[in-house]
Amino acid sequence: MSSLVKEDLEKKLFKPLSQNLYEFIEIEFSVQDRYYLCVSVTKKEEVKIIMVKHYRIGLDEKYEVTKKWSLNDLQMIDGIEADTDNPFFDLHFKKVYSLEAYSCASKYAFARTVNKLNHAYLKKDLQIVNFDSTYINDDSIWSSNNKDCLVLMRICFYAFNLVCLSLCPLPL
């Protein structure tokens, strides 16, 4: 489903703006409408963070840009609490925007993409706080192109270790 939405977003919104869409996540912004937080790169290699409203008119899907920021203006991404599985995060520009992602995995996918594009295009000191750095940095052993599977993979690893430990006999 998300690949169809991404394809539709690219075709109807980003290609006409001469931008490449790298990542998008669904965010909880309004009860009635769907909103996406998108990360794209322009032909001039400027990284943009764009909030898009998704709505329907009859059978036609429509997308409307509601907010647009430059990655250069982003000062910090705050994951609120690194130790809990929550979808809440703040984007710190001149103003702080408190957002709720559809899931914790999508929050991490967004932060990973912004971090990766920052290293590729800006190389500025972007603060990413209250995230588990294991899932954010590409140099970790947990990095993967299967973004949403990272959390599940680590949970399985810990569960396997617990099972192994529970089967070990205790010395008397």
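Rings of Phe, Tyr and Trp, taking the six-membered ring for Trp, form an aromatic pair if their centres lie within 6.5 Å. The exercises below concern a predicted model, and the first of them applies this definition.

**Exercise 1. Aromatic pairs**

Determine which residues are linked with W69 into a cluster by ring pairs, and classify the pair of W69 and F93 by the angle between the planes.

*Solution.*
Step 1. The structure holds eight aromatic pairs. In the pair of W69 and F93, the ring centres are 4.8 Å apart and the planes differ by 10°.
Step 2. Planes under 30 degrees apart count as stacked. The pair of W69 and F93 is therefore stacked, with its angle of 10°.
Step 3. W69 belongs to strand β4 (residues 60–70), whereas F93 is in the loop between β6 (88–92) and β7 (96–100), so the pair ties together parts that are 24 residues apart in sequence.
Step 4. W69 has a relative accessible area of 9% and is buried; F93, at 6%, also counts as buried.
Step 5. The cluster linked by ring pairs consists of W69, F93 and Y97.

**Exercise 2. A tilted pair**

State how the pair of F89 and F110 is classified, and identify the elements in which F89 and F110 lie.

*Solution.*
Step 1. The centres of the two rings, F89 and F110, are 5.7 Å apart, and the angle between their planes is 35°.
Step 2. An angle under 30 degrees would count as stacked and one over 60 as edge-to-face. The pair of F89 and F110 is accordingly tilted.
Step 3. F89 lies in strand β6 and F110 in helix α2 (residues 104–122), so the pair ties together parts that are 21 residues apart in sequence.
Step 4. F89 and F110 are both buried.

**Exercise 3. Salt bridges**

Find how many salt bridges there are, and describe the partners of K53, E61 and R154.

*Solution.*
Step 1. Side chains of opposite charge can pair when their charged atoms come close. The count for this structure comes to seven salt bridges.
Step 2. K53 pairs with D33, the closest N and O atoms being 3.5 Å apart. The two residues are 20 residues apart and belong to distant parts of the chain: D33 is in the loop between β1 (19–27) and β2 (34–42), and K53 is in strand β3 (residues 47–57). D33 is partly exposed, at 23% relative accessibility. The charged end of K53 also sits over the ring of Y55, 5.6 Å from its centre.
Step 3. E61 pairs with R56, with 2.6 Å between the closest N and O atoms. R56 is exposed, with a relative accessible area of 59%, while E61 counts as buried at 17%.
Step 4. R154 pairs with D132 at 3.2 Å between the closest N and O atoms. D132 lies in the loop between β8 (127–129) and α3 (133–136) and R154 in helix α4, so this pair ties together parts that are 22 residues apart in sequence. D132 is partly exposed at 24%, whereas R154 is buried at 14%.
Step 5. Salt bridges also link D8, K12, D60 and K62 in a network.

**Exercise 4. A buried acidic residue**

Identify the nearest side chain of opposite charge to D90, and name the residue with which D90 makes a polar contact.

*Solution.*
Step 1. D90 lies in strand β6 and is buried.
Step 2. The nearest side chain of opposite charge is that of K107, 9.6 Å away. A salt bridge requires a distance within 4 Å, so D90 has no salt bridge.
Step 3. The side chain of D90 is joined to that of S98 by a polar contact of 2.8 Å.
Step 4. K107 itself lies over the face of F131, at 5.3 Å from the ring centre.

**Exercise 5. Cysteines**

Explain why C38 is in no disulfide, and state whether C38 is buried or exposed.

*Solution.*
Step 1. A disulfide is a covalent bond between the sulfur atoms of two cysteines. The cut-off for the pair of sulfur atoms is 2.5 Å.
Step 2. The count for this structure is zero disulfides. For C38, the nearest cysteine sulfur is that of C104, 20 Å away, so C38 does not meet the cut-off of 2.5 Å.
Step 3. C38 is buried, with a relative accessible area of 0%. C164, by contrast, is partly exposed at 31%.

Note on methods:
Residues numbered from 1 in each chain as written. Predicted model: local features only at pLDDT ≥ 70, side-chain atom pairs only at ≥ 80, totals over all residues. Heavy atoms only, no water. Buried < 20%, exposed > 50% of the residue type's maximum accessible area, 1.4 Å probe, protein only. Helix = DSSP H or I, 4+ residues; strand = E, 2+ residues; numbered from the N terminus. Lys NZ or Arg CZ within 6 Å of the ring centre and 35° of its normal. Lys, Arg positive; Asp, Glu negative; His and termini not counted. Polar contact = N/O pair within 3.5 Å; in protein donor to acceptor, adjacent residues only side chain to side chain.
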